[in-house]
Every structure is written in C-alpha cells, then in structure tokens.
Amino acid sequence: SSKREYQPAIRRALRDFGRLALNPLTAATSMKDDQTLTTVVAILGDIGYDAAVPYLARLANGKDIPQGVRSAAAQALTQMGAGDPGKLNAAELFYNLAEKFYYNTSTITADSRNPSAFIWYWDDQKGLYKKDVPPQIFNDIMAMRSCEESLRLDNSNKSAVSLWLASDYKREADLPQ
C-alpha cells in the first residue's frame, strides 16, 4: 500500500502473466489485507481461469470475510461466468479442483521453464512465500492441498479424504529418486 504508484503496472503485469500468476495469486487469497486482497481478487477475475473459482467462491460466501472483499469476489465470479456466486459450494469446487490436479488437467501448473516447481503459501507473518518441489509431484501436492481446503469448508466429504490419500500415494510413487 505504500507504493501505490506501481500498482497499475504490477496489476497489468500479473494479468499478462496469465496462468503462470494463478498459483501465487490463489495462495494470496488467504491474506487479511482487505485492500490488497480486493486487488488480487480483481486480477484473478481478469485472468479468468476456472482454477480460481473455488478460491473466489470461498471469499464470496465466507462469513468472516469483509463485505468489500465478498463483493469483489462475487463480481469476479460473475465476470468469469461462474454462475450465481451465492449458489456456489466452495467445498465442492475445491474437491473438483483437487480431481483436476490429480488427473493433471488443472489450469494451475508448474512453470516448465524452471527445474523446480513452486508451491505458494500465504502466512500473515511472512507474507507470500514458496517452497521448491520436484515438478513431478507438483500436481499431487496441489491435489492434497485442495482436498484439505475442501475438508476445512465441509468436513463431511468422505470423497475428499479418499482423494487426499490417493494423491499422497501418487506423490510417493511420482517422487523421483
């Protein structure tokens, strides 16, 4: 927020990155800075990939989410053609995203130009940070994370538990020596 003069250029650059920006931007949807989060949500809506829908639905329908962020998320979902934001089930959407990761069909992918894949995290103390992982297990880890988020939102989803276990076994099998 202290460098507002750079925000329009950064926003354009993130939009131009397209799907390469999805991974860190979706991780950043866990931040508590409402103003920055509203900008992140708008960028995700502008980029328009379906992998952002569960994250936006969680924000649009979250009970503890400030109204400004909820409105921005609802607007982004409408812009993306995701349907009525109030009727979207974020837990189910995260489960569907986990299946896409499991079957390697998600629009969030590891950058093939790098020797390592990056798993992005948000921490209120550290901010946005990444962990390097072998690219072979990127989708497996992301499937597990999506299952975990689905279960956080609805702990009765037994399919998410099964998919998490399958993803963990797949990760072990896919892990290079």
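At 57% relative accessibility, Tyr103 counts as exposed, and this tyrosine opens a briefing on a structure that is a predicted model. The ring of Tyr103 is paired with that of Tyr102, and a search of the whole structure finds five aromatic pairs. The points below then turn to helix α4, of whose nine residues eight are buried, to the packing of helix α5 with α4 and with α3, and finally to two single residues, Leu37 in helix α3 and Glu92 in helix α6.

**Aromatic pairs**

- Among the five aromatic pairs that the search of the whole structure finds is that of Tyr102 and Tyr103, whose ring centres lie 5.0 Å apart with the planes at 85°, so this pair is edge-to-face.
- Tyr121 and Tyr129 form an aromatic pair that is stacked, with 5.5 Å from centre to centre and 20° between the planes.
- Tyr121 counts as partly exposed at 24% relative accessibility, and Tyr129 also counts as partly exposed, at 22% relative accessibility; the cut-off below which a residue is called buried is 20%.

**Helix α4 and its surroundings**

- Helix α4, which spans residues 53–61, is mostly covered, since eight of its nine residues are buried.
- The buried residues of α4 are Val53, Pro54, Tyr55, Leu56, Ala57, Arg58, Leu59 and Ala60, a list in which the charged residue Arg58 appears beside nonpolar ones.
- The elements that cover these buried residues include α2 (22–27), α3 (34–47), α5, α6 (90–102) and α7 (138–153).

**Packing of α4 with α5**

- Helix α4 and helix α5, the latter made up of residues 67–80, pack at an angle of about 140° with their axes 8 Å apart, which makes α4 oblique to α5.
- The crossing of α4 and α5 is left-handed, and the residues of their contact divide into 11 nonpolar, no polar and one charged.
- On the α4 side the contact is made by Val53, Leu56, Ala57, Leu59 and Ala60, which meet Val69, Arg70, Ala73, Ala74, Ala76, Leu77 and Met80 in α5.

**Packing of α3 with α5**

- The axes of α3 and α5 come within 8 Å and cross at roughly 5°, and the two helices are therefore roughly parallel to each other.
- In this contact Asp34, Leu37, Thr38, Val41, Leu44, Gly45 and Asp46 of α3 meet Gly68, Val69, Ala72, Ala73, Ala76, Gln79 and Met80 of α5.
- By class, the contact of α3 with α5 has eight nonpolar, four polar and two charged residues.

**Leu37 in helix α3**

- Leu37 has its place in helix α3 and is buried, with a relative accessible area of 4%.
- When its neighbours within four places in sequence are left aside, Leu37 is in contact with Ala28, Thr29, Met31, Leu59 and Val69.
- Of these partners, Val69 stands 32 residues away from Leu37 along the chain, while the C-alpha atoms of Leu37 and Val69 are separated by 6.9 Å.

**Glu92 in helix α6**

- Glu92 lies in helix α6, and with a relative accessible area of 46% this residue is partly exposed.
- Glu92 and Ala160 are 68 residues apart along the chain, and their C-alpha atoms are separated by 9.2 Å.

Methods:
Residues are numbered from 1 along each chain as its sequence is written. This is a predicted model: local features need pLDDT of at least 70, side-chain atom pairs count only at pLDDT 80 or more; totals for chains, interfaces and linings use all residues. Side-chain values use heavy atoms; hydrogens and water are left out. Axes are lines fitted to C-alpha atoms, for helices over the stretch in contact, and angles run from 0 to 180 degrees between N-to-C directions. Helices (H or I, at least four residues) and strands (E, at least two) are DSSP runs, numbered from the N terminus. Angles under 35 degrees count as roughly parallel, over 145 as roughly antiparallel, 65 to 115 as roughly perpendicular and the rest as oblique. A crossing is left-handed if the near helix is turned anticlockwise from the far one by less than a right angle, and right-handed if clockwise. Contact means heavy atoms within 4.5 Å. Rings of Phe, Tyr and Trp (its six-membered ring) pair if their centres lie within 6.5 Å; planes under 30 degrees apart count as stacked, over 60 as edge-to-face and the rest as tilted. Buried means under 20% relative accessible area, exposed over 50%, partly exposed in between (1.4 Å probe, protein chains only).
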